[in-house]
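User: I have a structure I'd like to talk through with you. Could you take me through it?

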Amino acid sequence: MAVPISEGPISEGPISEGPISEGPISEGPISDSPMNDGPDVGAGSPTVTVLTLDVNGRGHRLTLDNRTSLLDALRNHLDLIGSKKGCDHGQCGACTVLLDGRRANACLLFAVAVQDRRITTVEGLADGDTLHPLQQAFLDRDAYQCGYCTPGQLCSAVGMLAEAEAGWPSSVTPADAIRVGGAAGLTVDEVRERMSGNLCRCGAYANIVPAILDAATGRSAANGVDR
Ligand code: FES
Ligand code: FES
């Protein structure tokens with residue numbers, strides 16, 4: 001239950017013109033203090049919510065500051081550190097997760113806003129000891145260098161192949177094409193465009209794109225045969 005936001009008047013006092021502090025930003029996790037559900041939440045008190053996140057098929061009960069992003073909830077409170085914080089501004093895709101099977105930037109979402117959603121992170125892609133076909137294809141194609149972007153690339157590719165399978169066009173899909181032919185009909189240009197929200201600082205795209213096409217078509221680069 002969320003603590004209501006104060007409805008008091010917004011201060012009309014002058015904006016401070018003093019210097020902005022240059023002290024270090026705290027790197028500690030956001031407080032896990034219990035929810036204050038009393039009637040009078042003092043000014044400046046953090047507002048917190050007790051919530052349950054459904055991550056990789058498991059429910060997790062958490063008490064979070066309402067400002068906690070889904071990415072910070074995953075990394076700082078659930079120790080699911082596969083999702084990476086690259087830019088924290090929705091620019092790089094390193095934090096990509098799946099929400100009800102659709103890709104989303106976890107750094108742009110408040111955890112309290114996704115309580116009713118099915119969240120899948122890179123840790124939830126494999127089936128026990130069996131890697132997801134995309135994970136196997138990335139290994140077979142050596143589709144990473146530092147690997148920092150890889151979890152986001154993998155989650156985004158899972159969502160992207162589902163979008164293509166459902167017939168969703170991209171901006172490079174020919175205007176007269178009703179469907180792109182499902183995921184197996186993807187071209188290199190289609191994969192590049194659909195994955196353009198996921199940046200790789202190392203430039204591993206040359207192997208990422210073939211790996212995704214392998215997974216889309218069931219090919220295996222490791223042994224040269226269809227899976
Ligand atoms: S960390 Fe979320 S898009 Fe870069
Ligand atoms: S493999 Fe290093 S950022 Fe992509």
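User: Let's start with Glu 163: why does it count as partly exposed?

Analyst: Glu 163 counts as partly exposed because it has 18 C-beta neighbours inside 10 Å; with C-beta atoms placed from the backbone, 20 or more others within 10 Å would make a residue buried, 12 or fewer exposed, and anything in between partly exposed. This is a predicted model, in which local features need pLDDT of at least 70 and side-chain atom pairs count only at pLDDT 80 or more, while totals for chains, interfaces and linings use all residues. Residues are numbered from 1 along each chain as its sequence is written, and chains are lettered from A and ligands numbered from 1 in the order in which they are written.

User: And which helix is Glu 163 in?

Analyst: Glu 163 sits in helix H3, residues 150–165, where helices are DSSP runs of H or I with at least four residues, numbered from the N terminus. Its C-alpha lies 8.0 Å from that of Ala 183, although the two residues are 20 apart in sequence.

User: Switching topic, at what angle do H2 and H5 cross?

Analyst: The axes of H2 (residues 133–141) and H5 (residues 205–217) cross at roughly 135 degrees and come within 8 Å, the axes being lines fitted to C-alpha atoms over the stretch in contact, with angles from 0 to 180 degrees between N-to-C directions.

User: How much of the protein is buried, then?

Analyst: Of its 227 residues, 34% count as buried.

Terms used
Helices (H or I, at least four residues) and strands (E, at least two) are DSSP runs, numbered from the N terminus.
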